[in-house]
Each structure stands twice: as structure tokens, then as C-alpha cells.
Amino acid sequence: MQLVLKKFTLKLKHTFSISRESHDFQDTLIVSLSENGQTGYGEATSNPYYGTTAEQMIAEIRSIEKELNNYAFTDPLQFHSFITKMGLSNFAICALDLAAHDLYGKLRGKPLYQIWNTSISKYPTTNYTIGLDTVEKMKAKILEKPWPNDKIKLGTETDVAIIKELRAITNAVFRIDANCAWSAKETIFNAPLLKELGVEFLEQPLKADDWPGMEQVMHHSVLPVIADESCITEEDVDKCALHFNGINIKLTKCGGLTPALRMIAKGKELGLKIMVGCMTESTVGISAIAQLLPQLDYVDMDGALLLSEDIAEGVRITAQGKVIFPELGGSGITLTK
């Protein structure tokens, strides 16, 4: 296979803030793998919370470039097994795994959802994320892009008041993501107030390792709770089933589509609601997530919608939230930069 690595700095439409950080730009790594006249693309973003940079991923992948160039590619599952033995981070593995899946589908001339025997006749609508900001700026973002369901980033001392203000201007379903900023007591207290304001569920209210606190929340919260920072890899699914109502799988965190498919199957076996989320990826990463849509209860794949300028073509999301799938095989990605 032929390997190409490209780092991009994606500019966001608005400053994106959560309870622990803010940024206007997002560094991302695009991996391309080519064979027999076809090229597959994968992506993984940098992330300070997980200590990952694009430069680190590039160095990791360059360290096994000879092995990749000599690898006899047959299918993504065997390829994933091969690269996981090389000591790479999950973020680097993700970028390679997504590229391998895109390449595989293009070589076969079929989109991944067809290869997996799933139908796109029905799928969940992505939420649109409203980053933490002043109430007036959060309102402006909602009005700028009216959407059927908004994910609201919180983590302040006035969170319920913020939602009351936002509810006054929209009938959208709200999903709340506190990004580990609340306590168990705060979560249990806020839940009934937020439920009355049209909130569907809470995402990761407590710190990732606060399992005793989550046990309290599970017993007393009137709203479902979805794990994000507490659910990183396949090994976390069993424990999350005892402390959450659902899991938010991030391809970058778990190492790509290959483990994500196993996490979806395991989560369903355990009765969990299944969500897949994004990390403000370009259309490269979003198009990979879209292939999983028929298997999901919820999805957060608005990353490319938050960008000032995209770097790829693939899956498109209309103003009504409908997903337009490309005719290309794999994830259907074409790099435009």
C-alpha cells in the first residue's frame, strides 16, 4: 500500500467551548492508503484531554511506514489486527483503520453500510452542538442554524437558567453535555428541572472515574445518562452498563470502525442505548461515522457543520438533518485540499 499523511488546521465558524477548554481551530491528521488505483481516507483529530497531537500521530505512523508499504492488504479486520500489534495510540490506529475501511469499500465498489448488510432507510438525526458561551451567543447560534435536536454544552453554576433561556427561542429537543463538570448531587438535582425543559438525556455529567457518583445518579436521576469520557475502549462497555443507560462511542478514542462495531454489538447485548460521537472532524471522519447510522440510537456527527471550510467531500447533511450518501464505495470520501 502507498501511504500519505497530511496535517490540516481546520478553522471553526465560532469559538467552540466546553467546561474545560475553548478553541477556534482544530488540528487533524488525514491518512490516505492507496492500492490498485483506489485511495481510502481516514482521520483523527488532536485532543488535549487525551494528550494527542497530529505531530505525535504522524511520528507514530512514520515509524511503521516500511511495514505498511509492504503490507498485503485484504480486509480491514486483518489490517486492524496487524496495526494494533505495532504499539500505536488509538488515535493513530483510528486514522489508519478508517482509511483501510474506505479503501476496502472502494475496491469492492460498495459503501460500508451495504458491506455490513445494514439499510439506510431509517437512521437517527445528528444533533447540532451549541458550545458553552454567553447566553446571548448561544441563542444566536441556535437561531443561525435551526435544528431538530441540539446538544448543549454546559458546566457552569447557572446551567438550568441557561436552558430556560434557550428553551424560550426553540422547540428543539435538547441533549445536555456537561463534560465531567457536575457532581452526583448536582446531576440528580438538575435532572427533573431539565426534563421539564425538554431535555432528552444527560451526557457524561461526572468525572470519568467517578463510578460511585454515577451509581448514585443511576439510582436517582429521572433522565437517562450516556457515557462519553467514561467509555473509551471495548473494555469499558461492561462497566458502563452498570453505571449508565447508554454509551457514546468515539472512533478516535477506541481505535476506529473495527472496535466500534464490536462495541455497538456488545452494548446492544447489555441493553445500552448506542450513540456515536465526533471530535469536530472534517467530512473524512464524519463520512466514516455515517456508515454506522443504521445501527445507532443517537448520533453526534456535526463536526463538518461547525467548520468554516471543509477539506473533503463525502456524506452531506442537509438543513433538515437528512444524510445524503455518496455513490462511491467505502465511506465515499474524496479529499479536496
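Helices α6 and α7 are oblique to each other, because the angle between them falls in none of the named ranges (under 35 degrees counts as roughly parallel, over 145 as roughly antiparallel, 65 to 115 as roughly perpendicular, and the rest as oblique). The structure in which they sit is a predicted model, in which local features need a pLDDT of at least 70 and side-chain atom pairs count only at pLDDT 80 or more, while totals for chains, interfaces and linings use all residues. Residues are numbered from 1 along each chain as its sequence is written, and side-chain values use heavy atoms, with hydrogens and water left out.

Helix α6 covers residues 135–144 and helix α7 covers residues 159–167, and the two pack at an angle of about 40 degrees with their axes 10 Å apart. Here an axis is a line fitted to C-alpha atoms, for helices over the stretch in contact, and angles run from 0 to 180 degrees between N-to-C directions. The helices themselves are DSSP runs (H or I, at least four residues), as strands are (E, at least two), and both are numbered from the N terminus. The crossing of α6 and α7 is right-handed, a term for a near helix that is turned clockwise from the far one by less than a right angle, whereas an anticlockwise turn is left-handed. On the α6 side the contact (heavy atoms within 4.5 Å) is made by V135, M138, K139 and I142, and on the α7 side by I162, E165 and L166. Sorted by class, this contact has five nonpolar, no polar and two charged residues, where Ala, Val, Leu, Ile, Met, Phe, Trp, Tyr, Cys and Pro count as nonpolar, Asp, Glu, Lys and Arg as charged, and the others, Gly among them, as polar.

A second pair of helices is α8, with residues 184–196, and α9, with residues 211–220, which pack at an angle of about 20 degrees with their axes 9 Å apart. That angle makes α8 roughly parallel to α9, and their crossing is right-handed. In this pair, A184, T187 and I188 of α8 meet G213, Q216, V217 and H220 of α9, a contact that by class has three nonpolar, four polar and no charged residues.

The third pair brings α1 together with helix α4 (residues 90–108), at an angle of about 70 degrees and with axes 9 Å apart. The two helices are therefore roughly perpendicular to each other, and α1 passes α4 in a right-handed crossing. From α1 the residues M57, E60 and I61 meet F91, A92 and L96 of α4, and the classes in this contact are five nonpolar, no polar and one charged.

Helix α1 runs over residues 54–62 and includes A54. With a relative accessibility of 0%, A54 counts as buried (under 20% relative accessible area, against over 50% for exposed and in between for partly exposed, with a 1.4 Å probe and protein chains only). Neighbours within four places in sequence aside, A54 is in contact with K7 and S46. The C-alpha atom of A54 is separated by 20 Å from that of S17, which is 37 residues away along the chain.

Helix α12 gives a chance to check a length. Its 13 residues, 257–269, should span 18 Å at 1.5 Å a residue, and this agrees with its end C-alpha atoms, which are 18 Å apart; the expected span is 1.5 Å times one less than the number of residues. The buried residues of α12 are L257, T258, P259, A260, L261, M263, I264 and G267. K268, also in α12, is partly exposed, with a relative accessible area of 44%, and it touches I274 and Q295 when residues up to four places away in sequence are not counted. Although K268 and L296 are 28 residues apart along the chain, their C-alpha atoms are separated by 9.7 Å. Just after α12, G271 takes a positive phi of about 80 degrees.

Most residues other than glycine have a negative phi. N36, which is not a glycine, nevertheless has a positive phi of about 50 degrees; it is placed in the loop between β2 (21–35) and β3 (38–45), and at 68% relative accessibility it counts as exposed. T280 likewise has a positive phi, near 60 degrees, in the loop between β10 (273–277) and α13 (283–290), but T280 is buried, with a relative accessible area of 9%.
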